[in-house]
Amino acid sequence: MYEQPILQVKHLNKQFGSGCRHCTNAAQANLIKNYCPKCGTIYACRNVSFDVYPGEILGIVGESGSGKSTVMHCLYFDKEVTAGEVYLHDPEFEGLNLLTISSQKKRYVRNHKYGMVYQNPVKGLKMNFSSIGNIAEKLIAAGNRNVTAMQRIGQDLLETVHIPLFRMKEAPGNFSGGMQQRVQIAKALSNQPPILFLDEVTTGLDLSVQAAVIDLIKLIQRELQISMIVVSHDLAVIRMLADRTLVMLNGEVIEQGLTDQILEDPAHSYTQQLVYSML
Amino acid sequence: MGYVAVKGGTNAIEASIERIKYERIKDMEVVSVETILSSMRLLVDQVMSEASLYSPYLAALAIKQAEGSMEEAVFLLRAHRSTLPRLYYSRTVDPYEMFVERRISASFKDIPGGQLLGATHDYTHRLLDFQLLSETKQDLENWLAQYSAEKLPRATRNEITHYPKVVEYLRAEGLFETYEADNTSPDDVTKYSLQFPASRSERLQILTRGQTGAITSLGYASLRGYGQVHPTVGEVRVGRLPIYVSLENSEMTDPEDDYYLGEIKVTEVESFVPVTKKKNTNEHEIEFEIGYGVCYGQNETKAIAMSILDQCLEHPEESFATHDEEFVLLHVDSVESTGFISHLKLPHYVTFQSKLDSVRRVKQGGTENES
Amino acid sequence: MNPNQHFAFLDEGSKKEIRRASLKAVAIPGYQVPFASREMPIARGWGTGGLQLTLSLIGKEDVLKVIDQGSDESVNAVSIKKLVQSTTDVELTEQTEAATIIQSRHRIPEIPLTKEQILVLQVPMPEPLRHYEKKEQETKKLHAENEYSGVWLMLFEQIMKFGKTATQADHPVFVNDRYVMAPSPIPRFDNPKLHDSEALILLGAGREKKIYAVPPHTDVASLAFEDYPFTVEDFSGECCHLCGATDVFLDELIDEESGQTIFQCNDTSYCIARLNQQERKEVELADV
């Protein structure tokens, strides 16, 4: 690929706890998984680097506690990183490490450049506002000030995610988990952000609903050419969605490459285990 | 026309002010400030505490003027406080130097220095004493003569003994962490407005000047389950503390040169609260922390409740309202809460007209764009 | 004037501090400047923020007008005037044009203000985002990050529910293209008067301990979507039954005798001025 990546992540580190002399040295031989038994510090992300190219879906797979969700929350500014750099290929932010810009600018990036779908819809939606209002919130944040236009966009999106329009003024609090997740996706997509983050979006949903959500994500990628980072513990989901995949274990990226390649010829023993267990 | 209800203001106000004076004096009984001062000690204490101005005499005057209304008396004293220039901060007061009048611990049967019950209503039976209806000055004199002859302690100032803090006993055992004395000046909430997150010094100031009822009910709510603090009262002490002011711009730091201003009576409470702590070695330990309560005068319920809330606010990670410093600190002040509630009595007809207009337009219906 | 009391009640240290906060407010239009609000002899919630501004600004040469809900004679306006006068001896007026400082609750006078005048508005709830976010620590962040989608969303939800916005008094405004501000509970009718005002407008919230300002000739826009424009209270077809004024904010009254709804100027001094003028004209005509 000669194309320029739209998002570059370099040496991302995130730790919980201050570290001690047993775990701060480079060797880090004293850790149990990503955890220092001496001081209790958790090294949630260790030196994570990757690129995301325009229009691709990048999968991040790993067991719970592997650091995959933490990576995403750091990128979306929900958590502060310990160290690292993130670059967005965008005329407004060219050459700027997004992790060090002002909180006002971070808010701007979130509102204008990013979309996020959380595993738990409670984090991404206002449960007592109307569904259409939830979608409008993202549009408003991105600068839209026209009710008719926002309503039209919202209706189109709700149709796309198969929410009947007669329920658009209902609060997502009244909806089932699957419907809430679809409203959240509609919201995240509303301002057509160049980058969309999807965190375990199918976890906890019925199988039929899972399939519908996955179809929806594929459709969005085809039609809108949005770059996506999909985090999941479920390799089956990653296989269906991701062009390329990162495998994470204990806060580190242990393997990355084309999804098909990883599935056919997993290099790391952990990945092998993952792949075989799926079959 | 009905419209004059809120007009003709000047005359109406004058009449109302006269009327309230009439209500105060119509029965022709003059209560002197001295009477209030010497017979309503605890009321005076409470007013001083909520007003955050230590002046028994002015508090008594405020009580007289306010016809005994707590909120009015506190308000009067606070407003008076605003007119006073604040020239000095006192030297840090060390409660170890307290001339203790009462001191109990719920944590231990016996404590170094002993339990000292002092004056308290705790063990009185709450039965109305109808003999007080016919109490005479002569009765008081007789009783006092006998009491001072038989029971009044003969200790004089020269042989004051200081009582050690109960916590020192436990600290020696390593159950309490020993902290360096923190000599940073406290943030003065009366000079700078409260910003969040608040410092502990700000929190303690707001709590100690809080309305007794508000502090008590929030502390109670926390204790009953709307909070995550399970205290044991380590020590309640009531007594007098000397106040000194150091010379400003003085090179010398000799305490001997400080000015003695007088003494204030306070209630001080240290509650012991067990908390789980993660040590550096990554092991969990249970340690005690102190919830601190202090207030002007003798007001033990308030000081204990304050000690609970202090500890609540030290642990904002708990999701209870009593652990939320904005919730607690912004709603316990007597002058603020009573003022805003009572402002609802002011005319609101402009805002109501605006509301009417809005409701009517919505009622007219239609979803057409307004243009 | 009570000789035992300091000029304008507050000690000079307090006044200086309030003036510093006011200057900062003027420098950052629409930004809420925290200040150490003093307890005043009138109750919190009864205009202590406005009163502290007035007392810290007032000098012996000033002429003061105080109105509450548009009326000079309203009890609380009278009470505040009494307090200021007893500690300053300044001249009081009911004529809007004659005043140098106008302290007001819930109204901006009908007569356009001039650059020689300062309007002090009393504010109960200074935070326009409070209904959306209850925590001060969070709303401060939202202002800092220029994140106002919450307040817009409330308007959007009203339109979804009712087909139109249903804001009442205190309709939020956008000041100097930067801060969303609560204009205090003035009717929407008064919002346009904030824009490009000749006079300095200071807003004081005593209980909430905030001062903010709209300096002269500042852009102030009432929040509204492009296709649902901002509207003011509708008095079309009605006029003041006393002076006949039409383009003013009217009080709706019920005539006790006839049981009919009648309207009357809310700004009482404006109404009286018009009545006097009409009388003069009649006299002049009669003289002719």
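In which sense do strands β2(C) and β3 of chain C pair, parallel or antiparallel? Keep that one in mind while we look around, and remember that what you have in front of you is a predicted model.

Let's start with the overall picture of chain A. Its secondary structure comes to 10 helices and 9 strands. The radius of gyration of chain A is 19 Å, close to the 19 Å that the globule rule gives for 279 residues, so chain A is as compact as a globular protein of that length. If you lay a ruler along the principal axes, the C-alpha trace of chain A spans about 60 × 45 × 40 Å. Of the 279 residues in chain A, 46% are buried; to count as buried here, a residue needs 20 or more other C-beta atoms within 10 Å of its own. Now take the contacts in chain A between residues at least 6 apart in sequence: 68% of them join residues at least 24 apart.

Now hop over to chain C and back to our opening puzzle. Strand β2 of chain C covers residues 63-68, and 5 of its 6 residues are buried, so to speak "mostly covered". β2(C) and strand β3 (residues 91-92) of chain C pair in the parallel sense, over 2 bridges. You can spot this pairing at C:Leu64, which stands opposite C:Leu92 in β3(C). How does the chain get from one strand to the other? From β2(C) it crosses through helix α3 (residues 75-88) of chain C to β3(C), and this β-α-β crossover is right-handed.

β2(C) has another partner to show you. With strand β4 (residues 101-105) of chain C, β2(C) pairs in the parallel sense over 5 bridges. Look for C:Lys65 here: its bridge partner in β4(C) is C:Ile102.

What holds such pairs together? Strands of a sheet pair through backbone hydrogen bonds, either parallel or antiparallel. For the antiparallel kind, move along chain C to an open sheet of 3 strands, in the order β7-β6-β10. From one strand to the next, the twist averages 30 degrees. Strands β7 (179-181) and β10 (220-222) of chain C stand at the edges with a single partner strand each, so one side of each is left without a neighbour in the sheet. Zoom in on strand β6 (residues 173-175) of chain C: 3 bridges join β6 to β7(C), and the two run antiparallel. Within this pair, C:Val173 stands opposite C:Met181 in β7(C).

Terms used:
Residues are numbered from 1 along each chain as its sequence is written. Chains are lettered from A and ligands numbered from 1 in the order in which they are written. This is a predicted model: local features need pLDDT of at least 70, side-chain atom pairs count only at pLDDT 80 or more; totals for chains, interfaces and linings use all residues. Helices (H or I, at least four residues) and strands (E, at least two) are DSSP runs, numbered from the N terminus. The radius of gyration is taken over C-alpha atoms; the globule rule is 2.2 Å times the number of residues to the power 0.38. A residue is buried if 20 or more other C-beta atoms lie within 10 Å of its own, exposed if 12 or fewer, and partly exposed in between; C-beta atoms are placed from the backbone. Two residues are in contact if their C-beta atoms, placed from the backbone, lie within 7 Å. Two strands pair if DSSP finds at least two bridges between them. Axes are lines fitted to C-alpha atoms, for helices over the stretch in contact, and angles run from 0 to 180 degrees between N-to-C directions. A crossover is right-handed if, with the strands pointing away from the viewer, the path from the first strand over the helix to the second runs clockwise.
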